[in-house]
Amino acid sequence: MADFDLDRRTPAGALQTVDRALLVLLAFERTRPDWGVTEVAEEFGWDTSVAQRLLATLAGRGFLVSDPVTRRYRIGPAVLRLGRLWERSGSLELLAGPVLEELRRVTGDTVLFCLPDSFHMRCVAAEEGEAGPLRYYPLVGELYPAHAGATSKSYYAYLPDEQRHRLFRGRPMARFTDRTVTDPDRLEEEFLKVRAQGYAWTVGEYDTGIATVAVPVFLGREPYGSLSLGGAEELFRGAPEDRLDALRHAAQLLERRLTQPPQRPKPRARRTRTT
């Protein structure tokens, strides 16, 4: 089933048919990219006819596509359209903002939340550190190269090995400072180290004198982006260990906000008037 906890109970006041259709969409994962009618019915305990109608309706609106040979369903183009709109609509920044603000308050560092964009990581939300801006232009929207800096390495290290090899092998890579690694074999060693220790730590690979520590952000078991802290090298005293707990905690909060619906406020108990 899904790689993250999925509450299958229809919320009070919600339309059951709509909720069931959304559950079907949430069942699709990289490790389970297609479903058949019978499998959906068995997975959720529905009648086959119910599963068939739900799948056909979703396919009719482009949320799923059906293989005419196998009659199995995969995610359709309507999901891609909504996904692109979601990342650029401001909703993502709205969810991430409180987490980034709290992390900046605790550490005093500049905080970046980045998502993959081809051979780069694109900053989608940021908070400037107490020591002042790292750039003289907005951080949001900046692209960080995949091979340079902890912000990128903390994400690409967690891609499946074959996918990462396709990205980095045979590709020219720019050298930004004398510490930028451009050799594919050395990069692969660093990616494996990052994955083993659970975080990336670099100094001056992309910007001279800037230190960065970053951790991956997951959706279920899928790497989705990275959360990083950056600042002048001297502010880190040569090591990131004192920031890791706060950074990892913030990444976990961010993952929960991205995968779980917001908690509804509990209704206030009515006061009983006394006479």
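I take buried to mean under 20% relative accessible area. With that cut-off I looked up helix α1, residues 16-26, in this predicted model.

**Helix α1.** I list Asp19, Ala21, Leu23, Val24 and Leu25 as the buried residues of α1. I then checked what they pack against, and found helices α2 (37-44) and α3 (48-60) along with strands β1 (64-66) and β2 (73-75). As a reminder to myself, an α-helix has 3.6 residues a turn, so residues three or four places apart point the same way.

**Whole protein.** I count nine helices and eight strands. Of the 275 residues, 42% are buried. For contacts with a separation of 6 or more, I note that 56% join residues 24 or more positions apart. The exposed area comes to about 16200 Å², and carbon and sulfur atoms supply 51% of it.

**Ser226.** I found Ser226 in strand β8, which covers residues 222-232. Is Ser226 buried or exposed? Its relative accessible area is 0%, so I enter Ser226 as buried. A polar atom of the Ser226 side chain lies 2.8 Å from the backbone oxygen of Thr151. Leaving out residues up to four places away in sequence, I see Ser226 touching Leu112, Phe113, Cys114, Met121, Thr151, Ser154, Tyr155, Val215, Pro216 and Val217.

**Helices α7 and α8.** I next looked at α7 (residues 161-168) against α8 (residues 184-197). Their axes come within 11 Å and cross at roughly 145°. I record the crossing as right-handed. From α7, the residues in contact are Asp161, Arg164, His165 and Phe168. They meet Pro184, Leu187, Glu188, Phe191, Leu192 and Arg195 of α8. I sort the residues of this contact into five nonpolar, one polar and four charged.

**Positive phi.** Arg71 is not a glycine, yet I find a positive phi of about 60° there. Arg71 sits in the loop between β1 and β2. At a relative accessible area of 66%, it passes the cut-off of over 50% and is therefore exposed.

Ser118, also not a glycine, has a positive phi of about 60°. Where is Ser118 placed? I locate Ser118 in the loop between β3 (110-117) and β4 (120-127). Its relative accessibility is 62%, so I enter Ser118 as exposed.

Conventions: Residues are numbered from 1 along each chain as its sequence is written. This is a predicted model: local features need pLDDT of at least 70, side-chain atom pairs count only at pLDDT 80 or more; totals for chains, interfaces and linings use all residues. Side-chain values use heavy atoms; hydrogens and water are left out. Helices (H or I, at least four residues) and strands (E, at least two) are DSSP runs, numbered from the N terminus. Buried means under 20% relative accessible area, exposed over 50%, partly exposed in between (1.4 Å probe, protein chains only). A polar contact is a pair of N or O atoms within 3.5 Å; within protein, one must be able to donate a hydrogen and the other to accept it, and residues adjacent in sequence count only if both atoms are side-chain atoms. Contact means heavy atoms within 4.5 Å. Axes are lines fitted to C-alpha atoms, for helices over the stretch in contact, and angles run from 0 to 180 degrees between N-to-C directions. A crossing is left-handed if the near helix is turned anticlockwise from the far one by less than a right angle, and right-handed if clockwise. Ala, Val, Leu, Ile, Met, Phe, Trp, Tyr, Cys and Pro count as nonpolar, Asp, Glu, Lys and Arg as charged, and the others, Gly among them, as polar. Accessible areas come from the Shrake-Rupley method with a 1.4 Å probe; for residues, only the protein chains shown count as cover.
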